[in-house]
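Work through the exercises below with the model open. Each one gives a task, then a solution in steps.

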Amino acid sequence: MSADAPPDRARSAELGDAPARRRLASIERLAQVGFWEWTIGTGELIWSDELYRVFGHEPGDVRPSYEAWLAAIHPDDRPEVQALVERAVRTHESYAVDHRIIRPDGAVRLVHGRGDVEVGPDGEAVRLSGIASDVTESRRASEHLHEFVSEVAHELRTPLASIQSSVDLLRLTRQDLPPEARDATMTVLGRQVSRLRSVANALLEIDALRPISGGISLVPVRVEHAVAQAISAVPRPDLVLLSVDVPSQLEVKADTELLGRALGALLSNAYQHGGDAIDVRATATDFDVTITVEDDGPGVDPAVRDTMFAPFVRSHAATAPGSGLGLTLAHRLALVMGGRLTYTSRIGGGARFSLVLERTDDAEGDRL
Amino acid sequence: MKILLVEDEDDLRFLLTTALEVGGHEVIQAADGGAALSHVAAPDVDLVLLDIRLPDIDGFEVLAGMDAAARRRTVMMSAHGDAELASRAVEAGCAAYLPKPFRLEELRSIIDDFPIRQAS
């Protein structure tokens, strides 16, 4: 089942003339979908450039083979995928499967694969062709979203439970309830209705909850542009002094829209809870870029530091407006982009949020 | 009936305690899992109302600290309204699962069906 043709020829063979191939390559790159085709009789296997990238290779750097493909599949998923392909050849049924792969650098990714069988005049399978796309980020994003929705539901049901019990208590115990218990129940009712109202308001005010248009696409994003856009998108209170220090060459692997939302949430948080001097800066190592948003406010209440990225957590002392969702979203968006968000207290007071993302520009440029 | 109520939400704990006391029951209150564990072994508790999400350990960990007989006297409650949690609660050996919000009549009918423990 291995291909005997040299990789370059194998890749370009039968994929059409040069302009058609170029167009196809663009479509593949933009859609982040790789294509493969296996001619069963000759064992010839063609991988498109994007298929190499999905599997963590540079186009043409390995010889396409069924064995190489199988070896890249996570050992726990391999038997199932192998069985599906063998069944497709036998029964001529197409298949679709999500499975993990292990890239040459050791990274485990989730891939969505589909395969289709071409049957010859004699009724035998002639060719198997398919696509593969990396769905790691979108799967991670939907898992985060699912968790988030479940947290929101919990946050709605909790005050509802007290409201339901209050109403039932007042209804069921007309004469039996002592006046002070009755008054206390009415107070609970009012308090829990306000709580419900603030959850509803929190959901409405969170810009970052807007549905994501299209898919998530992690591409090199210029940090300077992303920061400038976030600053112009979030209304700044009059008295706040904002200083920005972002080296212009820095680029990170991110989704433009998600990075904008994450930075916007950090800025809103600093505007609402920080003092009147806010610093936004970016620093880099060879591999990562750290974007920090610092303020000179009171810092995060030590009582909530461990849970500050969980939904609806607010400082007990907080009197400023805020939903308790902004940091949650910034944190989750960082994870979705393969990065992280951390908090440190600033010496002398204040909060420092650091968003760390993979660097994509050439670090060598720094040293020139 | 003597009821151990494990609920970290102050308002709901107050309301349920009031409702149960008006109904003639004796209520022991616990606001977290640690407090709950110190009471579950009490020989005269007829029923445990156990919230799943607690500030220290969760309701399932409290349940794990109980013997099988005590688990059969436990009703779990949660605002995480998924079916998976309900079946997990029943599989863990507790008597019933009450999704929040619930009506006091639902709680009352569960309690009415519950056998009062025979003094051993």
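**Exercise 1. Place A:E143 in its element and classify its exposure.**

Solution. The model is predicted. Step one: find the element. A:E143 sits in helix α6 of chain A. Step two: take the relative accessibility of A:E143, which is 44%. Step three: apply the cut-offs. Buried means under 20%, exposed means over 50%, and partly exposed lies in between. A:E143 therefore counts as partly exposed. Step four: look along the sequence. A:V336 is 193 residues away from A:E143 in sequence. In space, the C-alpha atoms of A:E143 and A:V336 are 9.7 Å apart.

**Exercise 2. Describe the interface of chain A and chain B, from its contacts to its makeup.**

Solution. Step one: count residues in contact. Chain A gives 26 residues and chain B gives 19. Step two: take the buried area. The two chains bury about 2000 Å² between them, and 61% of it is on carbon and sulfur atoms. Step three: list the polar links. The rule finds seven residue pairs in polar contact across the interface, with both residues at pLDDT 80 or more. Step four: assign elements on the chain A side. Helices α6 (136-172) and α7 (179-205) of chain A are the elements that give two or more residues to this side. The largest share comes from α6(A), with 16 residues. Step five: sort the chain A side by class. There are nine nonpolar, 10 polar and seven charged residues.

**Exercise 3. Examine the salt bridges across the interface of chain A and chain B.**

Solution. Step one: recall the principle. Side chains of opposite charge can pair when their charged atoms come close. Step two: apply the cut-off. A side-chain nitrogen of Lys or Arg must lie within 4 Å of a carboxyl oxygen of Asp or Glu. Step three: count. The rule finds five salt bridges across this interface. Step four: check one of them. B:E9 pairs with A:R195, and their closest N and O atoms are 2.8 Å apart. Step five: check another. In the salt bridge of B:E105 with A:R171, the closest N and O atoms are 3.0 Å apart. B:E105 lies in helix α6 (residues 104-112) of chain B and A:R171 in helix α6 of chain A, so this pair joins two chains. Step six: classify both partners. B:E105 has a relative accessible area of 27%, so B:E105 is partly exposed. A:R171 has 31%, so A:R171 is partly exposed too.

**Exercise 4. Analyse the salt bridges A:R100 to A:D77 and A:D134 to A:R109.**

Solution. Step one: set the context. The count over all chains comes to 25 salt bridges. Step two: take the pair of A:R100 and A:D77, with an N to O distance of 2.9 Å. A:R100 is in strand β3 (residues 95-102) of chain A, while A:D77 is in the loop between α4 (66-72) and α5 (78-91) of chain A. The pair links distant parts of the chain, 23 residues apart. Step three: classify. A:R100 is partly exposed because its relative accessible area is 29%. A:D77, at 13%, is buried.

Step four: turn to A:D134 and A:R109, whose N to O distance is 2.8 Å. A:D134 belongs to strand β5 (residues 125-134) and A:R109 to strand β4 (residues 108-119), both of chain A, and the two residues are 25 apart. Step five: classify again. A:D134 is partly exposed at 22% relative accessibility. A:R109 is buried at 12%. Step six: extend the pair. A:R103, A:R109, A:D134 and A:E137 are linked in a network of salt bridges.

Methods. Residues are numbered from 1 along each chain as its sequence is written. Chains are lettered from A and ligands numbered from 1 in the order in which they are written. This is a predicted model: local features need pLDDT of at least 70, side-chain atom pairs count only at pLDDT 80 or more; totals for chains, interfaces and linings use all residues. Side-chain values use heavy atoms; hydrogens and water are left out. Contact means heavy atoms within 4.5 Å. Buried area is the accessible area (1.4 Å probe) that two parts lose on being put together, summed over both. A polar contact is a pair of N or O atoms within 3.5 Å; within protein, one must be able to donate a hydrogen and the other to accept it, and residues adjacent in sequence count only if both atoms are side-chain atoms. Helices (H or I, at least four residues) and strands (E, at least two) are DSSP runs, numbered from the N terminus. Ala, Val, Leu, Ile, Met, Phe, Trp, Tyr, Cys and Pro count as nonpolar, Asp, Glu, Lys and Arg as charged, and the others, Gly among them, as polar. Buried means under 20% relative accessible area, exposed over 50%, partly exposed in between (1.4 Å probe, protein chains only).
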